[in-house]
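Grab a pencil and have a look at the chain below. Try each exercise before you peek at the solution.

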Amino acid sequence: MATGVEVSKPSMEIRFQPALLQEVIDSFIEKTEREGDPTYYKEFHELADPIYEKFTLDDREAEFKKLYQYLFGIWGFSDIIRDAFNEFPELRQRVGIVLVKGVLKEDQEGVDVLRKWGSVEHDLAKQFEEKGLKGVGIKLIPRRFYDPALTRYCRHELLHIHDMLDPAFGYDPDTRVGQNPGEETLILHRYRILWNISVDSRLIASGKEPMLQKEDRFKEFRSWYRKIPPAQLKSVFEGLWQTSYFTHSELVEMATDTLRILDRAVDVEGGEIPETTNKVMLMPGFPCPLCRFPTYTWVEDMETKLEKYILDFIRENHPGWDVEYGACDRCVEVYKLRADGVM
């Protein structure tokens, strides 16, 4: 009787940039020795000193490269990345190659689907894509490897990658948002904030330590939605936090339209569910109803700040407009002068 043989996908491969390995090992040795622990310094030199004695100058580079790879493994640094992927078995099945490289500054760090690192990495990623697998790129500063927060960071970022590779999430890197660079930047910042809330809330719900705790995510959220009254903001955030899953299109919609954020509010102690029917939100980056250009300097409470004849003059020139729609500061100044006959 013939027996079927199950062909399994090749295991995920993790490659570390050689220069990163050396930076991590050298800086870790220096750090631990400075803190009074010479263990790693001694172990390194027990293995490194014979290289100078046994090998010629031309052969030493290759031998030191092997040494750094060896120490990076036995000192547990490579396990940090591998263990992070082990928390996401489905993701491991979709990823064929992981490239880890070093960067100089924290704002250069990141985890992404491998696409734009360079021609060599791009060609490598294509080889795995032909097998139905994706490539993932990770950029880290060397000292991150002996920072306890790295595990949380990797876990958080890999759930982002999990979403990006999940057809149900519907990630589209070519999504266009905003009418100008300023509005695009605002929307993308809010998109990232909302996605981070979703990721950390799901991690906590699954019993895993998040990158940031709930109260820290709320502070971050509050800083980008200051115009929402505090009680309403609390209800909105709770609704976002309790939602088990958002798609890419839902995140884009909420980041673009604040009314869609308000629709997520739920009952919570000390909170208030906002009334969104026919509500006008004067948010930074939204277009002024008079000039139609995006503005970040709204004039609100116009009935108390402007004379009635100026408001009437604006209504005559813009039928259907009323004070609740607000206006940008530039338009207000222009219509003041026009109503006074100066322009």
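Here are four short exercises, each with a worked solution.

This is a predicted model, where local features need pLDDT of at least 70, side-chain atom pairs count only at pLDDT 80 or more, and totals for chains, interfaces and linings use all residues. Residues are numbered from 1 along each chain as its sequence is written, and side-chain values use heavy atoms, with hydrogens and water left out.

**Exercise 1. Set the chain's radius of gyration against that of a compact globule of 343 residues.**

Start with the rule: 2.2 Å times the number of residues to the power 0.38, with the radius itself taken over C-alpha atoms. For 343 residues that lands near 20 Å, yet the chain has 28 Å. Next, check the principal axes: the C-alpha trace spans about 95 × 65 × 45 Å along them. Finally, look at contacts (heavy atoms within 4.5 Å). Of those with a separation of 6 or more, 71% join residues 24 or more positions apart.

**Exercise 2. Work out how F72 and F77 are arranged as an aromatic pair.**

First, the criteria: rings of Phe, Tyr and Trp (its six-membered ring) pair if their centres lie within 6.5 Å; planes under 30 degrees apart are stacked, over 60 edge-to-face, and the rest tilted. The structure holds 21 such pairs. In this one, the centres of F72 and F77 are 5.6 Å apart with 40° between the planes, so the pair is tilted. Then zoom out: ring pairs link F72 and F77 into a cluster with F16, F28, Y40, W75, F145 and Y146. Both F72 and F77 are buried (under 20% relative accessible area; exposed is over 50%, partly exposed in between, with a 1.4 Å probe and protein chains only).

**Exercise 3. Is R217 buried or exposed, and which residues does R217 touch?**

Find R217 in helix 9, residues 214-224; helices here are DSSP runs of H or I, at least four residues, strands are runs of E, at least two, and both are numbered from the N terminus. The relative accessible area of R217 is 3%, so R217 is buried. Now list the neighbours, skipping residues up to four places away in sequence: H156, N196, I197, D200, M211, L212, F237 and W241.

**Exercise 4. Why does L188 count as partly exposed, and how far apart are L188 and V332 in space?**

L188 sits in helix 8, residues 181-205. Its relative accessibility is 45%, which is why L188 counts as partly exposed. For the distance, go C-alpha to C-alpha: L188 and V332 are 29 Å apart in space and 144 residues apart in sequence.
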